[in-house]
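Me: Please give me a close look at the salt bridges here, with enough of the surroundings to place them. I have the sequence and the model open beside me.

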Amino acid sequence: MTWAVVPAAGRGTRFGAETPKQYLMLAGRPVIEHSLRAVLDHDDVDGVVVALAADDHDWPGWRDIGGKPVITCIGGGERADSVLAGLQALPASVSDDQWVLVHDAARPCLRRQDLARLLAVGQGDPVGALLAAPVRDTLKRADQAGRSAATEPREWLWRALTPQLFRRGGLTRALLAALGAGLKVTDEAMAMERLGLKPCLVEGSEDNLKITTPADLALAEFLLARGA
């Protein structure tokens, strides 16, 4: 039994307009619907909690998708606040020892085989796991004038993706510890790392992109059309 938490409280707009990016239309559906369906499509995922902004007027009001429950809660100003709110809003039947996926609302191109591999590997790991992609580009360090000052080694560097998979209780404790220390964690793995834990990196497809620019939206449309 696995549930998913999707933080969707960010107010990233339509690249200057009024619609948050997770509600932009993509291949006939809102971006967030693709993201939700991608995680709910797996047989082992029983439902999802979506953490919304308090002033979110765009949420379509879904109560279920594909016959699986969709629960909403009010998120916070930062990602960690929203994930924590989602963890606390999970049904009482989800124990602290059960696995929870955290997936970005603006990642609509999650591949089914990547999710299956993450669940298989992560549930066999004592800490948990996250989808990630090895860095393949040459990395440059800039100086204050915006000039290339050095080339950085890329060995052992990965780009963190989502979903990320951890036990409900362990992730809750890690996020509370980070928030209590006043630390802004940018993903769930970072919170776990603060406690000396080392999540497993599961290589995922590099086209599991996060919608942040108009070019990302166009690319996602192409990728979804190709997948269909």
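Reply: Happy to: the overall chain comes first, then the charged pairs, then a few backbone details.

A short note on the ground rules. This is a predicted model, in which local features need pLDDT of at least 70 and side-chain atom pairs count only at pLDDT 80 or more, while totals for chains, interfaces and linings use all residues. Residues are numbered from 1 along each chain as its sequence is written, and side-chain values use heavy atoms, with hydrogens and water left out.

You will find six helices and twelve strands in the protein chain (helices are DSSP runs of H or I with at least four residues, strands are runs of E with at least two, and both are numbered from the N terminus). The chain is as compact as a globular protein of its length, because its radius of gyration is 18 Å, close to the 17 Å that the globule rule gives for 228 residues. That radius is taken over C-alpha atoms, and the rule is 2.2 Å times the number of residues to the power 0.38. Along the principal axes, the C-alpha trace spans about 50 × 40 × 35 Å. Of the contacts with a separation of 6 or more, 69% join residues 24 or more positions apart, a contact being heavy atoms within 4.5 Å. As for cover, 48% of the 228 residues count as buried; here buried means under 20% relative accessible area, exposed over 50%, and partly exposed in between, with a 1.4 Å probe and protein chains only.

Now to the charges. The chain carries 26 positive and 29 negative side chains, and the centres of the two sets lie 3 Å apart. In that count Lys and Arg are positive and Asp and Glu negative, with His and the chain ends not counted; each charge is placed at NZ of Lys, CZ of Arg, CG of Asp or CD of Glu. Side chains of opposite charge can pair when their charged atoms come close. The rule used for a salt bridge is a side-chain nitrogen of Lys or Arg within 4 Å of a carboxyl oxygen of Asp or Glu, and by this rule the count comes to 14.

Start with helix α1, where nine of the ten residues are buried. Among the buried ones are Ile-32, Glu-33, Leu-36 and Val-39. Glu-33 pairs with Arg-29 in a salt bridge, at 3.6 Å from N to O. Glu-33 counts as buried because its relative accessible area is 10%, whereas Arg-29, at 35%, is partly exposed.

Next, look at Arg-112 and Asp-41, whose side chains meet at 2.7 Å from N to O. Arg-112 sits in helix α3 (residues 112-122) and Asp-41 in the loop between α1 (31-40) and β4 (45-52), so this salt bridge ties together parts that are 71 residues apart in sequence. Arg-112 is exposed, with 60% relative accessible area, and Asp-41 is partly exposed at 38%.

A third pair links two strands. Glu-152 and Arg-141 form a salt bridge with their closest N and O atoms 2.6 Å apart. Because Glu-152 belongs to strand β10 (residues 148-152) and Arg-141 to strand β9 (residues 139-142), the pair ties together parts that are eleven residues apart in sequence. Both ends are partly exposed: Glu-152 has a relative accessible area of 27%, and Arg-141 has 49%. Salt bridges that share partners also join Arg-79, Asp-104, Arg-107 and Glu-188 into one network.

Finally, some backbone details that are worth a glance while you have the model open. Trp-156 lies in the loop between β10 and β11; its phi is near 75°, a positive value in a residue other than glycine, and the residue is exposed, with a relative accessible area of 82%. In strand β11 (residues 158-167) you will find Pro-163, and the peptide bond from Thr-162 to Pro-163 is cis, with omega near 10°. Ala-27, in the loop between β2 (25-26) and β3 (29-30), has a positive phi of about 50° although it is not a glycine; Ala-27 is partly exposed at 40%.
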